[in-house]
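Trainee: I've got the model open and a list of things to ask. Shall we go through them together?

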Amino acid sequence: MSAPVVDRVIIFDTTLRDGEQSPGASMNIDEKLQMAEVLALLKVDVIECGFPASSDGDFAAVKAISEAIDGPTLAALSRCRRDDIVRTHTALRAAKRCRAHIFLATSEIHRTYKLKMDKGQVIACVREGLALARNLFDEVEFSAEDAARTEPDFLAEVVYEAIEAGATIINIPDTVGYAVPQQFGAIIRNLKTKVSNIDKAELSVHCHNDLGLAVANSLAAIEAGARQVECTINGIGERAGNCSLEELVMALKTRHDFYGVETGIDTPQLVYASSMLTRITGLTVPRNKAVVGANAFAHEAGIHQHGMLMHPSTYEIMRPEDVGRAGTSMILGKHSGRHAFSYWLEVNDFNCTESQFEEAFHAFKRLCDQKKEPAEDELLAIISDILHPAPHVLMTNGPFARRGM
Ligand code: KIV
Ligand code: ZN
């Protein structure tokens with residue numbers, strides 16, 4: 001029996017390039033190397049290491065990564081011009097598999113105000129740049145910058161020309177985060193039907209999060225047939241950031257029933273990758289951030305805690321260990337109810353009568369009204385005064401909030 005064909009979405013990580021463009025996210029060479037190692041461990045398919053023509057430091061970082069990192073394809077960004085492309089090739093030369101990521105803006109706004117080029121000049125520039133790149137690199141990716149605001153017919157024309165000139169990956173960026181999911185999906189469908197040579201290239205997307213839609217737009221593009229997504233750890237990137245890698249990957253994994261596609265990401269490394277990036281850049285993630293935030297697997301509400309104590313599937317759609325968390329957190333707080341409190345007593349080896357339980361429960365509620373987050377040892381001290389547990393208990397039990405379930 002032949003093995004089932006796996007429909008795979010390529011994960012192109014741009015934490016070290018677009019991500020690094022976030023204000024406050026600059027990394028030195030050693031930090032970039034450290035992060036590249038984490039990305040290789042996470043098993044991303046492509047690492048965009050930087051933009052070599054943008055600074056000597058970035059050139060050196062791309063070179064160092066290409067000499068040290070084995071596994072993923074290594075890419076670097078380049079404007080569509082000879083000197084940039086040659087410099088990018090010099091920086092990436094040591095990579096086992098190297099990819100040029102060449103971009104040129106295509107929208108009317110960018111053509112008029114930024115490039116001061118007409119449509120014909122844009123096409124000529126694409127042809128020339130890609131013809132050079134295809135002789136230097138293992139793979140050539142072309143990005144039509146501001147594609148989401150480009151006239152659909154012109155976008156189709158540019159994509160056709162880029163493929164004719166040698167691009168094997170065509171990236172459709174929503175550079176300014178303007179697209180909405182249905183419309184963005186339609187852009188991808190339009191290219192798949194209108195561009196006659198589209199089968200010679202993989203379609204990729206690169207979404208920004210200005211309206212908070214980067215992940216939703218990327219998923220809509222996958223539904224429409226895109227098979228590479230450009231994303232970053234913790235969603236860092238220009239302005240409001242890029243599509244968050246951990247959210248996209250876990251959406252595809254958790255809703256495999258709907259999307260039917262796989263990624264090669266080793267998902268139990270996600271929390272580690274997220275915290276390494278925080279440690280390196282100092283950019284923290286909010287507690288309620290999907291997948292990797294501290295509250296992503298934490299429950300405080302009494303009804304939820306009761307449900308979780310019965311079965312984790314009542315209030316969790318992912319398993320904490322699948323993203324690299326030790327376990328669910330049951331936070332004892334003012335919204336917790338008797339079930340969770342009783343479980344906490346049991347975990348901490350307290351035995352009590354019904355009336356002792358009531359007294360302890362009310363003491364706990366009073367403490368919660370005074371403190372936003374009662375400390376575990378404070379709670380233990382107050383409850384011990386009422387219930388007098390065996391002396392070893394206070395020393396041997398870890399915090400309830402971190403127990404795996
Ligand atoms: O947002 C964007 O358009 C980009 C391109 C260079 C791919 O980052
Ligand atoms: Zn971008």
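Trainee: How much area does the protein chain expose, and what share of that do carbon and sulfur atoms supply?
Mentor: Keep in mind that this is a predicted model. The protein chain exposes about 18400 Å². As for the share from carbon and sulfur atoms, that comes to 51%.

Trainee: And what percentage of the residues count as buried?
Mentor: The cut-off to use is under 20% relative accessible area. Apply that to the 405 residues of the protein chain, and the buried share is 52%.

Trainee: What does the C-alpha trace span along its principal axes?
Mentor: The chain has 17 helices and 10 strands to fit in. Along the principal axes, its C-alpha trace spans about 85 × 55 × 40 Å.

Trainee: Of the contacts between residues at least 6 apart in sequence, what percentage join residues at least 24 apart?
Mentor: Contact here means heavy atoms within 4.5 Å. Take the pairs in the protein chain that are at least 6 apart in sequence, then ask how many of those contacts join residues at least 24 apart: 74%.

Trainee: How far apart do the centres of the positive and negative side chains lie?
Mentor: There are 41 positive side chains and 55 negative ones in the protein chain. Take the centre of each set, and the two lie apart by 3 Å.

Trainee: Which residues coordinate the zinc ion (ligand 2)?
Mentor: In sequence, the donor residues follow the spacing D-x187-H-x1-H. Their distances to the zinc ion are 2.0 to 2.1 Å, with an OD atom from the aspartate and NE2 from each histidine. Water is not among the atoms, so sites may look incomplete. The residues are D18, H206 and H208.

Trainee: Is H208 buried or exposed?
Mentor: H206 has 5% relative accessibility, so it counts as buried. For H208 the value is 4%. Since buried means under 20%, H208 counts as buried.

Trainee: Where is K116, the residue with a positive phi of about 55°?
Mentor: Most residues other than glycine have a negative phi. K116 is not a glycine, yet its phi is positive. At 64% relative accessibility, K116 counts as exposed. Its place is in the loop between α4 (108-115) and α5 (119-133).

Trainee: V291 has a positive phi too, near 70°. Is V291 buried or exposed?
Mentor: V291 is in the loop between α11 (270-281) and β9 (298-299). Its relative accessibility is 6%. The cut-off for buried is under 20%, so V291 counts as buried.

Definitions and conventions
Residues are numbered from 1 along each chain as its sequence is written. Chains are lettered from A and ligands numbered from 1 in the order in which they are written. This is a predicted model: local features need pLDDT of at least 70, side-chain atom pairs count only at pLDDT 80 or more; totals for chains, interfaces and linings use all residues. Side-chain values use heavy atoms; hydrogens and water are left out. Helices (H or I, at least four residues) and strands (E, at least two) are DSSP runs, numbered from the N terminus. Buried means under 20% relative accessible area, exposed over 50%, partly exposed in between (1.4 Å probe, protein chains only). Accessible areas come from the Shrake-Rupley method with a 1.4 Å probe; for residues, only the protein chains shown count as cover. Lys and Arg count as positive and Asp and Glu as negative; His and the chain ends are not counted. The place of a charge is taken as NZ of Lys, CZ of Arg, CG of Asp or CD of Glu. Donors are N, O and S atoms within 2.8 Å of the metal (3.2 Å for Na, K and Ca); water is not among the atoms, so sites may look incomplete.
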